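Please look through the sequence and the structure shown below. The report after them takes up a sheet, some helices and the chains in turn.

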Amino acid sequence: MKNPFKKYRIDHLFFGSFAALIILVLSITIWISYSLTSKELATTASTNQQKLLNELNNEITTRMVTIEQISLSRSRDNSLLALLTGARDQDEFSRYQGFNEVKQSLANLTNSMPLIEGIDVFMNRPSYGDSLSYIQFLELEDASNHYWAESIRRNDFAWSDEYERSSFRGEVSVLSFARSILYNNKLIGYLVIHVKSDMLKNVLAGHSSVEVSRIMLDVSGQPILQIGNVPDAETWASLRARMGGSSGVFRIENDTGGAESSLIVYARNNNSKWTLVELTPWSEITQGSVKLAKVIAIIGVISILLTLVITMLLSMQFTRPIKKLVGAMNRYSIEGKNMKLPEDYSNEFGYLYAGYRKQNERIEQLIQSLRERHELQRVAEIEALQANINPHFLYNTLDQLNWIAIANDQGDMSRILELMGRMFRISLSNGNTYITIQQELEHLSCYLEIQQIRYKGSLQFYFEVPEDIPFLYIPKMILQPFVENAVVHGFHNRSHGTIWITMKQQGEKLSILIEDDGQGYQPARTTHRKTGGYGIRNVKERISAHFGNAYGVEYGPRDEGGTTIRLTLPVLRNIP
Amino acid sequence: MVMRRRIAYLAAAAFLAIVLSACSSGNDTIPTRPQDGESVKLRIMWWGAQSRHEVTLRALEAYTKANPHVTFEPEYSGMDGYLDKLSTQAAAQNAPDIFQIDPSWVADWASRNQLIDMTDAIDLTNIDAKLTSIGYIDNKLYGVPLGSVAHGMIYDKAAMEKLGLSVPSMGWTWDEFFQYAVDAKVKLGGNQYLTKDYAGDYFAYSAYQYAHGKGQLITNDGKFNVDRTTFLDWAMRWQTLREDGVIPPADVNASDKEFDPAADLLVKGNILIRLAFNSSFGAWDSMNPGAYALVTMPRAEEAGGWLKPSLFFGISPFSKNAEEAKKFVNWFINSQEAGEILGTSRGVPVNAKVAAAIESSLSDADRAGMELYNATQKHGQQWSPGASGWTNWVDKDWSLVRDELSFGKKTPEQAFDALQKLAKEYGK
């Protein structure tokens, strides 16, 4: 994948990465604060809840123990025992009075303790009962049909869990405390005190204004009273296994049938047989952290928006110069008006602008010079075309002269003109700089033959060239100046002379020796003379220019008289 | 550089804001107690039969609907044990905000500072001054009358017709009553009787003594006024019936519980006639629809029955919501809506306008009650709440004497002596 920093627009990159960074930091902050505070809140909540549960446990225990104690004392009450044992059966009035006494005493108890919903006495022969009263006398044999019967089966006394009891006021939700009344090891009745579960629930709720979910468990862990939103019996049975010790806290997840994710705190007092359990929905515990996270998120969003605006402004500050530069580059044209870049930047952008401006100036200069050169070239081309016409004109003229010389029977002149034509052709040689040695030697031969005609055969020349050398290349007209020098100066005022040209290949060097038997080498003389001096200097410079200082020209007097010139050149098998 | 520094400041400020908001939001989570505001819960207690419970509960619902901030915690039961319960709660200063009392208790309860003055809160414009006068103690209104009832008898018309008995007629006499008991027994089964044993019944004897022109059992100024001759005559008549097996034996008599479908002897078919207030007719009628009818209390030289204010509402001095309670009581007696719901469950509405307005919409049971009411109104005794301070004599001492007479533990003379002796505890 391509590095995005090489792909996307710089302002998008700048803006996007800055924004992403801030969002990332904020998200991490929110998450950390949420998880830390929710953990902290859960700990605080469970500690407080345990304290509260202990207090509530005390309160409830106090009430329930009171009921138990009342039940105990009433079950020992003489008038009740007398009624149940049938001690007063002999006299119906006395039995009736017995009922009234028991009823009155139990009614007083019920009236003075709002917690008590009603009291049932189960006995044999329960006459004078009143179904509209709080106090009921019921048939002992029917006791097993009542809801609480199950709980008392193995005990002398027991609490039932909460249930709906039908009374003359309709269905009333109660907890029943049942106690068997034994006399001489014989069951003679039950005293059942029904406690208003609503009042116990109020205690269990702890006068709390918010809805709470609490369960009260008996010794065997069975729920006997519950308020709020609590799990069903099956779920509860599975949770109970997790409650070790007298108090503790654990968390249940959502997967356990129906119950939402909750924190469960339970506590049992040392002096109580009840265990109170509180379930708090996890969402409630983390409410604070959620709120905190929300606040942070809101602040985060605001600051992100703010930062985005700032980032935008900032990135614009950074990208505007670059955009300007890019725009200037896009719209650049050599001719015409170009975008002006601001000149008040003194930082890197300034350097960039300055560099760009300098480059543009340089480019303009170069283009200008190119244009000039192009113009020169054009002129040169025209000149060269003109120059190409001149030789033809010259050849034609020479040809005409030749014909005139033949017509006038001037054999020598005709011959000279012919040789001159050949010399011209070689010296022009299509404008090439290099020619073969053979061509060079031919050119020399032509020149020297013209001189022979002039000197009437008293001029001799000899070429000593090994077979393979004539095909090597040398710069054009490199020997001619020396030969001309020998003829013009060496044989000056003389009627004869001889020239030797010897070529030798020494490794990759070509040695060319030009000797004459003329007046000899006269260095002082050269200063006075222009033409020959120019020619030789020209040769020296050309060699130096073409091949460097390893090659060159040496000259000096010849031992037998005359001059020796030695040229050293590279062996060139092809035109370089 | 300047730009970058500004960003740094902004970031720092944002972070600070987050930290601060974290702290402040932490404080926010401390739960604040919701303002109780206007929402009040009134405890209200009354006694009566099932039919009265039903309409009263409906009236409470209607009131809550119109005044959503007021809810009720009703406590209701039969008459039996009611006074005990109310007294016990009052002793604990835990009486309900509003409670129903008998007109004869008003003076007692007011003198014990268990009722508050409602003078300013209750509109008595359309209410008969004879009824309201009972609620006034020292020119302060302590009890508000809820209705007016006639005291008479209910009889099982269907059963009587089936047995070929003539049904009692309005304006019958005590002599006819006792003769009827004897005559009817011939046609009745072994465990069936015309009437239960009313020998020791305070209200039955009151009617008897009234009918014989001997006035109230306790005079308005608090004097024992049981006429010995009349009482012995009365008790002896019952003793004869008891000995002849014309009235139920004591244990059956004692097992009778008014309005209890399983224990009410009239409902069970053990007896054919019993004392009744016209307001309670509906309660019996609902248990055995169409079977019963009402008849006036038997008379002698004078009429035996009387009209009386049935019940009163009082408000506990320990009520935390006395103002709301007063408003409710005012609504209960003066609003037509309440009148329509309640009918004559507590007697004929005390507010004349309400009574007139609902007349057309009365149920058949209510109409039957109205017949007795109208019949009694023509020939009725003047009822008086009696002197204050005798509640226990009426409620407890008479009950004992009743049972002793029924079980044959006391002779009529002994019973009279016992009542007279016990009365000395109360006399001024």
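## A five-stranded sheet in chain A

In this predicted model, 5 strands of chain A form an open sheet. Their order is E13-E15-E16-E18-E17, and the pairing is mixed. The edges are taken by strand E13 (459–464) and strand E17 (552–557) of chain A. Each of these has a single partner strand, so one side of each is left without a neighbour in the sheet. On average, and with direction ignored, neighbouring strands of this sheet are turned by 15 degrees against each other.

As background, strands of a sheet pair through backbone hydrogen bonds, and the pairing is either parallel or antiparallel. Strand E16 (residues 509–516) and strand E18 (residues 563–570) of chain A run antiparallel and are joined by 8 bridges. E17(A) and E18(A) also run antiparallel, with 6 bridges between them.

## Strand E18 and its partners

Which residues stand opposite Thr564(A) in E18(A)? Glu515(A) is one of them, and Gly556(A) is another. Further along E18(A), Leu567(A) has Ile512(A) opposite. E17(A) and E18(A) make up a hairpin with 5 residues between the strands. In this hairpin Gly561(A) takes a positive phi near 105 degrees.

In a regular strand the side chains alternate between the two faces of the sheet. E18(A) shows such an alternation. Thr563(A), Ile565(A), Leu567(A) and Leu569(A) point to one face and are buried. Thr564(A), Arg566(A), Thr568(A) and Pro570(A) point to the other face and are not buried. Leu567(A), the residue opposite Ile512(A), therefore belongs to the buried set, whereas Thr564(A) belongs to the set that is not buried.

## A helix across the sheet

Helix H13 (residues 480–490) of chain A lies across three strands of chain A, namely strand E15 (497–506), E16 and E18. H13 runs at about 10 degrees to E16(A).

## A residue in helix H2 of chain A

Ile30(A) is part of helix H2 (residues 10–75) of chain A. Is Ile30(A) buried or exposed? Ile30(A) has 20 C-beta neighbours inside 10 Å, and therefore counts as buried.

Where does Ile30(A) make contact, apart from its neighbours within four places in sequence? The contacts are with Ala293(A), Ile296(A), Ala297(A) and Gly300(A). Lys294(A) is 264 residues away from Ile30(A) in sequence, yet the two are 8.2 Å apart in space, C-alpha to C-alpha.

## Helix packing in chain B

Two packed helices are described by the angle between their axes and the distance between the axes. Helix H17 (residues 391–406) and helix H18 (residues 412–423) of chain B pack at an angle of about 160 degrees, and their axes are 10 Å apart. H17(B) and H18(B) are therefore roughly antiparallel to each other. The crossing in which H17(B) passes H18(B) is right-handed. On the H17(B) side the contact involves Trp393(B), Asp397(B), Val401(B), Glu404(B) and Leu405(B). These meet Ala415(B), Ala418(B), Leu419(B), Leu422(B) and Ala423(B) in H18(B). By class, the contact of H17(B) with H18(B) has 8 nonpolar, no polar and 2 charged residues.

H18(B) also packs against helix H9 (residues 228–243) of chain B, where the axes come within 9 Å and cross at roughly 135 degrees. H9(B) and H18(B) are therefore oblique to each other. H9(B) passes H18(B) in a right-handed crossing. From H9(B), the residues Arg228(B), Phe231(B), Leu232(B), Ala235(B), Met236(B) and Gln239(B) take part. From H18(B), they meet Pro412(B), Glu413(B), Ala415(B) and Phe416(B). This contact of H9(B) with H18(B) divides into 7 nonpolar, 1 polar and 2 charged residues. Ala415(B) is listed in the contact with H17(B) and in the contact with H9(B).

## The two chains as wholes

Chain A has 14 helices and 18 strands. Of its 576 residues, 28% count as buried. Among contacts in chain A between residues at least 6 apart in sequence, 59% join residues at least 24 apart.

Chain B has 18 helices and 13 strands. Buried residues account for 48% of the 428 residues in chain B. Among contacts in chain B between residues at least 6 apart in sequence, 77% join residues at least 24 apart.

Methods. Residues numbered from 1 in each chain as written. Chains lettered and ligands numbered in written order. Predicted model: local features only at pLDDT ≥ 70, side-chain atom pairs only at ≥ 80, totals over all residues. Helix = DSSP H or I, 4+ residues; strand = E, 2+ residues; numbered from the N terminus. Buried ≥ 20, exposed ≤ 12 C-beta atoms within 10 Å, placed from the backbone. Contact = placed C-beta atoms within 7 Å. Axes fitted to C-alpha atoms, helices over the stretch in contact; angles between N-to-C directions. Parallel < 35°, antiparallel > 145°, perpendicular 65-115°, else oblique. Left-handed = near helix turned anticlockwise from the far one by under 90°. Nonpolar A, V, L, I, M, F, W, Y, C, P; charged D, E, K, R; others polar. Pairing = 2+ DSSP bridges.
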